[in-house]
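Here is a short briefing for a first look at this structure. Keep the sequence and the model side by side as you read.

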Amino acid sequence: MALGASDRRYMARALQLARRGLYTTDPNPRVGCVLVRDGEIVGEGWHERAGGAHAEVVAVNVAGERARGSVAYVTLEPCCHQGRTPPCTEALIRAGVRRVVAAMQDPNPQVSGGGLAQLRAAGIDVECGVLELQARTLNAGFVSRLTVGRPWVRCKMAMTLDGRTATAAGQSQWITNSAARQDVQRLRARSSAILTGVGTVLADDPSLTVRFAGEGGVTVGAFKPPTRVVLDSHLRLPPTARILDDAAPTIVYCVVDGPAVEAVSARGAVVHRVAASAAGRIELGTVMQHFAELRFNEVLVEAGPTLGGALLAEGLIDELVVYMAPRLLGDGARGLFTLPGIGSLEAAVSVDIVEMRAIGDNWRITAHVAKPN
């Protein structure tokens, strides 16, 4: 069956519903579902939190008998395996849905086309690929974890108009305005983990907690706080650091052993000793693989130019979110990334700017890092 404007319209609504789970579904994907019969929406639903009913089941329950003969628009291929909840394909088949339109195939190998095949075998018309880019963007971390083997890594930076993040003496609070700083809370709230380096902890003593209630009908609710992660090769993290002060989980990666491990562990942090690189530093790729094992979908990097530059140099940053303030600090101030060895324009790291938005008198620039061929 040919896809039309109405298919895109109803899928757009399903994506709008899926966004309501932006802060609460982790480690599951954000999914929305709309049931339409005779041009009327008869049921809607979205996945609210891991372990709860999936979007398709919610929509079917809302529609009741009106689900029979309807078209289901769902932002991700319906699951066909028994997890913490029963398969969504079975719910759609029992409901008598005549057609299913999915935005994208599920990258989960337990599903990955099997859900669509099961629906077809039951005599249901199936289409896939409507507003696929939007669906993939909404669940970039889930897709990355299951296809690349690491989470989607988003790096947040604040800079002046001339690209400086701090004065020569290291003063950085506050370059951006309060609205931009509040906007960062939104990024924290949607993340599985917030990653920083021990240098930032020693300099700023951040807590890296989330202070955010929600936006535009999308509420945080009783969401799981993101895990704070500190990369600290030689375990210089003081046990008195604010990042260890509350109940939110904290992980510390290091390459050493000794009494410092016991001191930090006593404050509730989980310390992982990992392999060191030739330079005696933490192997960043190993950390990313461990993040995938922990089912982290999105990781927000809030760090200085050294860690940010190292991640960028190893191709481990997918997205940059840069807040730019209308100030100038001059060439003696500190820059965004430490990237030694770039001696020509051809060797520069390329990015694709996907959005620019004013936040008061600041600008938020969102860019995807171009991957080398």
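This is a predicted model. Strands β1 (residues 32-37) and β2 (residues 40-46) are a good place to start: they pair in the antiparallel sense over six bridges. From there the briefing moves to the nine-stranded open sheet, two separate nonpolar cores and the 16 salt bridges.

**The β1-β2 hairpin**

- Two residues separate β1 from β2, and the two strands form a hairpin.
- Aspartate 38 sits in the turn, with a positive phi of about 55°.
- Across the pair, leucine 35 of the hairpin stands opposite glycine 43 in β2.
- Leucine 35 also appears among the residues with the most contacts inside the largest nonpolar core.

**The open sheet**

- Nine strands make up an open sheet with mixed pairing.
- Their order is β13-β12-β11-β8-β14-β6-β15-β18-β17.
- The edges are β13 (270-273) and β17 (351-359), and each of these strands pairs on one side only.
- From one strand to the next, the twist averages 20°.
- Within the sheet, β15 (residues 319-325) and β18 (residues 362-369) run antiparallel to each other and share six bridges.
- Leucine 320 has alanine 367 of β18 as its bridge partner.

**The nonpolar cores**

- In soluble globular proteins, nonpolar side chains tend to be buried together.
- Here the largest nonpolar core holds 44 residues.
- Met11, Leu35, Tyr73, Leu92, Val97 and Val100 have the most contacts inside it.
- Helix α1 (residues 5-18) gives the most to this core, contributing six residues.
- Methionine 11 touches Tyr73, Val74, Thr75, Val101, Ala102, Ala103, Val130 and Leu131, leaving aside residues up to four places away in sequence.
- A second, separate core has 33 residues, including Met157, Leu231, Val287 and Leu320.

**Helix α10**

- Helix α10 spans residues 284-293.
- Its buried residues include Leu284, Val287, Met288, His290, Phe291 and Ala292.
- Val287 is also one of the residues of the second core.
- After α10 comes arginine 295, with a positive phi near 65°.

**Aspartate 183 and its partner**

- Helix α7 (residues 178-189) carries aspartate 183.
- Is aspartate 183 buried or exposed? Its relative accessible area is 14%, so aspartate 183 is buried.
- Its side chain makes a polar contact with the side chain of arginine 364, at 2.9 Å.
- Aspartate 183 touches Tyr323, Ile359 and Arg364, again not counting residues up to four places away in sequence.

**A salt bridge within one helix**

- Side chains of opposite charge can pair when their charged atoms come close.
- Glutamate 90 and arginine 94 form a salt bridge, with the closest N and O atoms 4.0 Å apart.
- Both residues lie in helix α3 (residues 88-95), four residues apart, or about one turn of the helix.
- An α-helix has 3.6 residues a turn, so residues three or four places apart point the same way.
- Glutamate 90 is partly exposed at 38% relative accessibility, while arginine 94 is exposed at 59%.

**Salt bridges between distant parts of the sequence**

- Aspartate 318 and arginine 150 form a salt bridge, their closest N and O atoms being 2.9 Å apart.
- Aspartate 318 is in the loop between α11 (305-313) and β15, and arginine 150 is in the loop between α6 (140-147) and β6 (152-160), so the pair ties together parts 168 residues apart in sequence.
- Aspartate 318 is buried at 7% relative accessibility, and arginine 150 is buried at 10%.
- Lysine 156 and glutamate 302 also meet through their side chains in a salt bridge, at 3.5 Å from N to O.
- Lysine 156 lies in strand β6 and glutamate 302 in the loop between β14 (298-301) and α11, so this pair ties together parts 146 residues apart in sequence.
- Lysine 156 is buried, with a relative accessible area of 16%, and glutamate 302 is buried, with 8%.
- Arg30, Arg154, Arg190, Glu298 and Glu319 are joined into one network by salt bridges that share partners.

How values were computed. Residues are numbered from 1 along each chain as its sequence is written. This is a predicted model: local features need pLDDT of at least 70, side-chain atom pairs count only at pLDDT 80 or more; totals for chains, interfaces and linings use all residues. Side-chain values use heavy atoms; hydrogens and water are left out. Two strands pair if DSSP finds at least two bridges between them. Axes are lines fitted to C-alpha atoms, for helices over the stretch in contact, and angles run from 0 to 180 degrees between N-to-C directions. Buried means under 20% relative accessible area, exposed over 50%, partly exposed in between (1.4 Å probe, protein chains only). A polar contact is a pair of N or O atoms within 3.5 Å; within protein, one must be able to donate a hydrogen and the other to accept it, and residues adjacent in sequence count only if both atoms are side-chain atoms. Contact means heavy atoms within 4.5 Å. A nonpolar core is a set of buried Ala, Val, Leu, Ile, Met, Phe, Trp, Tyr and Cys residues joined through side-chain atoms within 4.5 Å.
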